[in-house]
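The exercises below ask for a reading of the model shown here, each followed by a solution that proceeds step by step.

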Amino acid sequence: MICQIEITTYCNAKCFYCPNEFLEHRHISFTLFTKIIDSLPTQSDLLLQGTGEPLLHPQFWEMVEYAKQKTHSISIITNGTIALENSQLQMLKSVGISIDTLCVDTAKKTGRPDPSLIINKLLEYHSSIPEKIKIFAVDYGQELQTLRTFALRHKIILFVQHIQPKSSYQSRYKTNLLTYRNYHCRYIENNIIRYFFVDGKEAPCCFMIDRHKALSRDEVFKYLSSGNVPECCQQCGELTGVSRLSMRSNSKVTI
Ligand SMILES: C[S@@+](CC[C@H](N)C(=O)[O-])C[C@H]1O[C@@H](n2cnc3c(N)ncnc32)[C@H](O)[C@@H]1O
Ligand code: SF4
Ligand code: SF4
């Protein structure tokens, strides 16, 4: 099982598709972080980020040191604006760097950090520890072939994720309303992830962006097994049955 902790909701970017701007901005306290870590089973895969930029947490490396007592499988996804030293990279199992485009203008228009300031760092990290570095792109209908070619040329793994279709993201952009095809969610039925918001509240997945409405695994299960979809799950791809990867042709969004 993966355990994901939202260690901060501060961010230094304003990506148009991300609800970060609407969140209360805070860092997790070291005490709460250690309490969560202490409650986890040993050897859990740990992902240290939520809706925020993880490397902005002033005690990020202290938290990594602490978590290493429990597991050596600690990963992050970062927007790439904060440089990492080689010794720091060594402490992580995997580092995902979010880049949706190599085009500086497109990145600027969409609120993403300037890729020209990130690419060299990314290549430098990749040359020292190639197996740890991955690129994460959100597909919102932009030209992606240039990024695909770049990743292929440098042999960097590229994950392309469709822009999140859930209702709770729709204040940022509009996607088509889809019909529910089933009431089964892998996150609920298979215990894929334990997600902890920055205030310590737990959720069964990382997609319940409106934390005040997030329900527990059991609560969601009750809704789904009676053929109902709770507010925190509205329009989730798990229930509309549309694979996030097969939505490419549909993925132009209204910003
Ligand atoms: C929420 S961010 C947190 C980590 C860091 N701030 C970053 O941007 O990489 C984690 C990942 O979620 C992606 N993401 C954010 N909003 C999204 C959305 N509406 N749809 C799909 N992916 C999204 C980001 O691009 C990033 O790859
Ligand atoms: S996607 Fe990441 S970098 Fe962009 S606003 Fe959200 S948290 Fe910040
Ligand atoms: S939002 Fe609801 S349906 Fe979607 S993954 Fe999470 S628990 Fe499952």
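**Exercise 1.** Leaving aside neighbours within four places in sequence, determine which residues Leu122 is in contact with.

*Solution.* Counting as contact any heavy atoms within 4.5 Å, and setting aside neighbours within four places in sequence, one finds Ile97, Ile99, Ile133, Ile135, Phe150 and Ile156 around Leu122. Before going on, note that this is a predicted model, in which local features need pLDDT of at least 70, side-chain atom pairs count only at pLDDT 80 or more, and totals for chains, interfaces and linings use all residues. Residues are numbered from 1 along each chain as its sequence is written, chains are lettered from A and ligands numbered from 1 in the order in which they are written, and side-chain values use heavy atoms, with hydrogens and water left out.

**Exercise 2.** Place Leu122 within the largest nonpolar core and state which elements supply that core.

*Solution.* A nonpolar core is a set of buried Ala, Val, Leu, Ile, Met, Phe, Trp, Tyr and Cys residues joined through side-chain atoms within 4.5 Å, where buried means under 20% relative accessible area and exposed over 50% (1.4 Å probe, protein chains only). The largest such core has 40 residues, and Leu122 is listed with Ile5, Phe33, Leu46 and Leu48 as having the most contacts inside it. Among the elements that give two or more residues to this core are strand 1 (2–5), helix 1 (30–39), helix 5 and helix 6, the helices (H or I, at least four residues) and strands (E, at least two) being DSSP runs numbered from the N terminus. Helix 2 gives the most, with four residues. Apart from this core lies another, of 18 residues, including Phe197 and Leu239.

**Exercise 3.** Explain why the buried residues of helix 6 lie on the same side, and identify what covers them.

*Solution.* The buried residues of helix 6 (residues 145–153) are Leu147, Phe150 and Ala151. Because they cover an arc of only 95 degrees around the axis, they fall on the same side of helix 6; the arc is that of the directions from the helix axis to the C-beta atoms. Leu152 and Arg153, on the other side, are exposed. The cover over the buried residues includes helix 5 (119–128), strand 5 (133–139) and strand 6 (157–162). Just after helix 6, Lys155 takes a positive phi of about 55 degrees.

**Exercise 4.** Find how far a polar side-chain atom of Ser98 lies from an oxygen atom of ligand 1.

*Solution.* The distance is 2.5 Å for Ser98, while for a polar side-chain atom of Arg112 and an oxygen atom of ligand 1 it is 3.2 Å.

Key. Polar contact = N/O pair within 3.5 Å; in protein donor to acceptor, adjacent residues only side chain to side chain.
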